[in-house]
Amino acid sequence: MTASPKTEAPPQHFEVRPFSAPVGAEILGLDISKPINAEDFAHIHRAHLDHHVLVFRDQRITPQEHIDFSRRFGPLEIHVLHQFHLKNHPEILIVSNIKENGEPIGLGDAGVYWHSDISYKPQPSLGSLLHAQELPSEGGDTLFADQHLAWEALSPQLQQRILPLKAEHSYLAKYEELRARNPWRPKLSQAQIDQVAPAVQPVVRTHPETGRKALFVSEHFTTRIVGLPQAESDALLAELFAHSVKPEFVYRHAWAPHDLVFWDNRSLMHLAAGTPDHLRRRLNRTTVVGDTPF
């Protein structure tokens, strides 16, 4: 988390209101286009650690203001799919099903499998901030599953079994399958493939700020448990994938205009519930660089 020069900004009066769900809270009354002083920022940061996903309501912000707020939490990722960077703002990935002149303007099938962002890199993402630009009249929800709760709900025997294990995560795990379903998902160049070599992560990670343990495997990116025979690895991963997204761990977010949603990739997985093809959806995403899981 980076320090900010805006420490003398006047306080903003806002409310952190937890959802009646296993995870998440909304922030009401904050305007992130305005300077945020150190005390207010500390309050936001604490709420993010406590609730794992924050919904900042009614944020009428520019892309640069989105980037500036995101940078308060750390340096930003530049996503490998450069085709879908926002013009003049490479820190923003466009998530959209819209096509202009027959070409997609963004990544339209982002999040079709449960995952934690950038888990395929040695330093996965701390969190992502997704800002609603254009919302469909139906569909388009995002689901979040609390992986601390998932870990805590495992039997002691299974906890003991998986605690020392490591798993491989690969960006390419389902990429060609997604391309086959969505031909407009871009073919990766060799330079892009080189940017996303597989990474090995602990199956159970410890949150670097809170010390809480969380499951850290996903159906999208986790390919195998290191050191286990393939059949045993497949069976264990299938069991963990099914367990990790049980309804009692999940908050379903129905987007409202100008929502900015900030989730902790060290604590959660997320899933896009899908949008009808004929309805337009567009959001801007920044992603904060994290640290090496342990």
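**Exercise 1.** Find the salt bridge between Arg-57 and Asp-259, and state where each partner lies and whether each is buried or exposed.

*Solution.* Begin with the contact: the side chains of Arg-57 and Asp-259 meet in a salt bridge at 2.9 Å, N to O, the term standing for a side-chain nitrogen of Lys or Arg within 4 Å of a carboxyl oxygen of Asp or Glu. Next, place the partners, which are 202 residues apart and link distant parts of the chain: Arg-57 sits in the loop between β3 (53–56) and α2 (63–71), and Asp-259 in the loop between β15 (250–253) and β16 (260–264), where helices (H or I, at least four residues) and strands (E, at least two) are DSSP runs numbered from the N terminus. Then judge burial (buried is under 20% relative accessible area, exposed over 50%, partly exposed in between, with a 1.4 Å probe and protein chains only): Asp-259 counts as buried because its relative accessibility is 0%, whereas Arg-57, at 22%, counts as partly exposed.

The model is predicted, so local features need pLDDT of at least 70 and side-chain atom pairs count only at pLDDT 80 or more, while totals for chains, interfaces and linings use all residues. Residues are numbered from 1 along each chain as its sequence is written, and side-chain values use heavy atoms, leaving out hydrogens and water.

**Exercise 2.** Describe the pairing of Arg-60 with Asp-58, and name the network that shared partners create.

*Solution.* The closest N and O atoms of Arg-60 and Asp-58 are 3.0 Å apart, forming a salt bridge. Arg-60 is exposed at 57%, and Asp-58 is partly exposed at 43%. Separately, salt bridges with shared partners join Glu-15, Arg-17, Glu-26, Arg-57 and Asp-259 into one network.
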